[in-house]
Each structure stands twice: as structure tokens, then as C-alpha cells.
Amino acid sequence: MAADIRIVRETPLSPAEAWRRITDWERHGTVVPLTRVTVLTPPPTAAGTVFVARTGLGRRLAFDDPMELVAWQPPRRCRMEKRGRVVRGWAEFEVRALAGGGARVEWREELRVRGVPAVADPLLAAAGRALFGRALTSLLDMTN
């Protein structure tokens, strides 16, 4: 089993600007608490780009969440596979233009966390929606 997460936000940002913001990988580390993101492959971003989100306190109470982009279709869709020892699954972003201007961003994610039983998937999904929903809102915030 896995925790399924789906978050949708509408923004007055153009689809290109929304895309730029949500695919600025290092910036995710500024909006997800206790997390730092490091891109391991040289630019430009493309399928095959690898990055690691390190979450936690210090060296002992932290884990790495390595990800690889497996689909890269700017400025519309990207998909990454999570290949860590602790977190497995995938995440995907889609950006669509709104008829009256602005963009609709959809973030979907399927998470499996080592040591967390399937019975806890609904709780993990709710926590993920809260955490990643706040992160997506921050990434799209026009005052930033």
C-alpha cells in the first residue's frame, strides 16, 4: 500500500512562471521544514536529473530522499521517482493554463515510508497533504 496525495492550487501566475517556481528544486528546501535540496546533476534540468532532499535535524536524526526525474515536459508536466532507503514512490507536477489567465497546478504523490505500516497510510497521506500543500502555496506565493 501507499499514501496517495493530491493537491491542486490555482494562481494568477502565468503557467511558465508557475512551472519555473515549482521546478526550482533548491527552493523546495526553503518551504519544506527541516529540509535542504541538492541537485546532483549539472544543468539543464531534464529527464535523468537527480536531486536529494535531506530532511531532519543534524546528521543522526535525518534521512535522504533521492529522486530522479523520469519525465520532463516543460512547462506542463514532470514526474520523479523516489528511490531512497526511507521514502519510496513517485511525485508528479502538472501545470495548465486557466481560461481567464493564470494557472492550475496539480501535485500528485504516492509515498511509501519504510517502517510505516499500511494501516497508517491515511494518516501519512493527510500529513503529506498538509505539508506539501503548504509548500506548494509558498512556492506559488506572488510576494516571493
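Me: Where is the place of Arg129?

Reply: Arg129 sits in helix H3. Helices (DSSP runs of H or I, at least four residues) and strands (DSSP runs of E, at least two) are numbered from the N terminus. Before we go on: this is a predicted model, in which local features need pLDDT of at least 70 and side-chain atom pairs count only at pLDDT 80 or more, while totals for chains, interfaces and linings use all residues. Residues are numbered from 1 along each chain as its sequence is written, and side-chain values use heavy atoms, leaving out hydrogens and water.

Me: Is Arg129 buried or exposed, and which residues does Arg129 touch?

Reply: Burial is read from relative accessible area: buried is under 20%, exposed is over 50%, and partly exposed is in between (1.4 Å probe, protein chains only). Arg129 has 38%, so this residue is partly exposed. Contact means heavy atoms within 4.5 Å. Setting aside residues up to four places away in sequence, Arg129 touches Asp4, Ile5, Arg6, Ile7 and Arg134. From Ala97, by contrast, Arg129 is 32 residues away in sequence and 23 Å away in space, C-alpha to C-alpha.

Me: How many helices and strands are there in the protein chain?

Reply: The protein chain has 3 helices and 7 strands, and along the sequence they follow the pattern β-α-α-β-β-β-β-β-β-α.

Me: In what order do the strands form the sheet?

Reply: The general idea is that strands of a sheet pair through backbone hydrogen bonds, either parallel or antiparallel. Here, two strands pair if DSSP finds at least two bridges between them. The 7 strands make an open, antiparallel sheet in the order E1-E7-E6-E5-E4-E3-E2. Strands E1 (3-11) and E2 (35-39) stand at the edges with a single partner strand each, so one side of each has no neighbour in the sheet. On average, neighbouring strands of this sheet are turned by 20° against each other, direction ignored.

Me: How many bridges join E4 to E5?

Reply: There are 6, and the two strands run antiparallel. A hairpin of 3 residues links E4 to E5, and Gln73 has Arg77 in E5 as its bridge partner. Another hairpin, also through 3 residues, leads from E5 to E6, where 7 bridges join the antiparallel pair. E5 is mostly covered, with 5 of its 7 residues buried.

Me: Where do helices H1 and H3 lie?

Reply: Axes are lines fitted to C-alpha atoms (for helices, over the stretch in contact), and angles run from 0 to 180 degrees between N-to-C directions. H1 (residues 15-22) lies across E1, E4, E5, E6 and E7, at about 160° to E6. H3 (residues 121-140) packs on the sheet, where it touches E1 and E7 and makes about 25° with the direction of E1.

Me: Which side chain makes a polar contact with Asp65?

Reply: A polar contact is a pair of N or O atoms within 3.5 Å; within protein, one must be able to donate a hydrogen and the other to accept it, and residues adjacent in sequence count only if both atoms are side-chain atoms. The side chain of Asp65 has such a contact, 2.7 Å, with that of Lys82. Asp65 lies in strand E4 and counts as buried, at 9% relative accessibility. Lys82 in turn has Gly89 in E6 as its bridge partner.
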